[in-house]
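The following paragraphs lead through the structure, beginning with the ligand and its surroundings and turning afterwards to the disulfides.

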Amino acid sequence: MENPSTLGIMKHTPLPLAARVVLGGLMLSAPLLQAQKFEGLAMTPPMGWNSWNTFETNISEELVEDVARVMIESGMLEAGYNYIVLDDGWMAMERGEDGNLIPHPEKFPNGMKALADHLHDLGFKFGLYNCAGSLTCGGYPGSQGHEFQDARLYASIGVDYLKYDWCSHGTRDAIEAYTTMSRALKAAGRPVVFSVCEWGQNEPWKWAGDIAHLWRTTGDIIDCWDCNERWSNGVKKILDMQMSLQDDHNGLGIYAGPDHWNDPDMMEVGNPGLTVAESRAHFSLWCVLAAPLIAGNDVRNMSEEIRQILTNKEAIAVDQDPLGKQGFRFFQSPEKEIWIRELSGGDWAVCVLNASNERLATTVDWSHVGLVTGTQDYTIRDLWLHQELGSTHDEPELSRILEPHDVILVRLSPAK
Ligand code: GLA
């Protein structure tokens, strides 16, 4: 079925596709591409769980119900993980006769509305995945040409979050594709957090702020520290990309803020390819990056150590800080990195990473960090040990032995 609204955009588009790609942000001021997202839905980075990193397309109603139950029992919902998002594979291979998407009949025998209602009753919000191309990455029907119809379906189901991917997009222009879906969601009337997943290919940080609440900055993450496989990269490589795409020393951080976040991808915390130290570092650094905290592990089988990492409220408070400033890498050597994030109330988060593959005896000199934070006296609180460590005046250095890829995460607060 043709989508009249998409045709409308094409008819009124004043420039050829190539020019629109080049002119990126400028095109958002063109009347028919103008779209305003539902504002205020993500004043702090969204938190939740997504099925992809562990289950790929092997998802079902039963799995989601179990995950929701465990997220309540484990304290995850209470800690802030309130979105449950079904990624690729939730739908049938073909649309119905009316053009509507159909939930996969074996995986979701009771349909999506019943599942959404159930999750809402438990206190969660509900998210789905689709794609701006003709097919999703898993080969299921994409939304191209069906944007307004799909948005109406999501509204009728009770969808609160849409992750929108970029496979099979052919020659489609990214700004047009994502703006069209944003307009469709707006037209359908139900507030939806819109998550752009075009892998950073068209620099969405420069144009997606008005139409979306978050955007992927890179290709996919995988559960290893620093491996890479074709389109996918381990945690450390994804971390480095947040800086290597930089416009200034803040890296991509200059584009992020309340209601518009860089998304370095869903977390691999607790997945088998990472040590516990690496999961702790991954989590800490995502908090310093003001990243969406979307867990991607099998929460039904997580260890107590991983549960404690994911529900560390002091680290989560860094991620969810209302100032909404993304942190940046302040210092880097082959062995050690220091990441710093400004927080509200004059506080700062400081994360020291052992980037080497060996155990490392390391010292943090607060006068060095003071080049960013200012040299006033701060109290120091360790966010993993949950302990006060004195003040930067009384304890001018912090010395620790760190396991490979482990971190220190502290919060500095102005001393009274
Ligand atoms: C892409 C996305 C992933 C995931 C898969 C699903 O690779 O980047 O996050 O959604 O598609 O097929």
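In this predicted model, the ligand is surrounded by 13 residues. The closest of them are Asp87, Asp88, Lys163, Asp165 and Asp220. Sorted by class, this shell comprises 6 nonpolar, 1 polar and 6 charged residues.

Individual atom pairs give a more detailed view of the site. The side chain of Asp87 places an N or O atom 2.7 Å from an oxygen atom of the ligand. For Asp165, an N or O atom of the side chain likewise lies 2.7 Å from a ligand oxygen atom. Trp199 contributes a polar side-chain atom at 3.1 Å from an oxygen atom of the ligand. On its own, the ligand has 300 Å² of accessible area, and the protein covers 94% of this. The space that the ligand takes is the largest pocket.

The second topic is the covalent cross-linking of the chain. Pairs of cysteine sulfur atoms within 2.5 Å are counted as disulfides, and the count by this rule is 2. One of these joins Cys137 to Cys167, with the sulfur atoms 2.1 Å apart. The link is right-handed, with 100 degrees about the S-S bond. Distant parts of the chain are connected by this pair, whose members are 30 residues apart. Cys137 belongs to the loop between β3 (125-131) and α7 (147-157), whereas Cys167 is found in the loop between β4 (161-165) and α8 (174-188).

Methods:
Residues are numbered from 1 along each chain as its sequence is written. This is a predicted model: local features need pLDDT of at least 70, side-chain atom pairs count only at pLDDT 80 or more; totals for chains, interfaces and linings use all residues. Side-chain values use heavy atoms; hydrogens and water are left out. A residue is near a molecule or strand if one of its heavy atoms lies within 4 Å of it. A polar contact is a pair of N or O atoms within 3.5 Å; within protein, one must be able to donate a hydrogen and the other to accept it, and residues adjacent in sequence count only if both atoms are side-chain atoms. Accessible areas come from the Shrake-Rupley method with a 1.4 Å probe; for residues, only the protein chains shown count as cover. On a 1 Å grid over the protein atoms alone, a cavity is a set of points where a 1.4 Å probe fits but cannot get out, and a pocket is an open set with protein on both sides within 12 Å along at least five of seven lines; lining residues have an atom within 4 Å of a point. A molecule sits in a cavity or pocket if more than half of its atoms lie within 2 Å of its grid points. Ala, Val, Leu, Ile, Met, Phe, Trp, Tyr, Cys and Pro count as nonpolar, Asp, Glu, Lys and Arg as charged, and the others, Gly among them, as polar. Helices (H or I, at least four residues) and strands (E, at least two) are DSSP runs, numbered from the N terminus.
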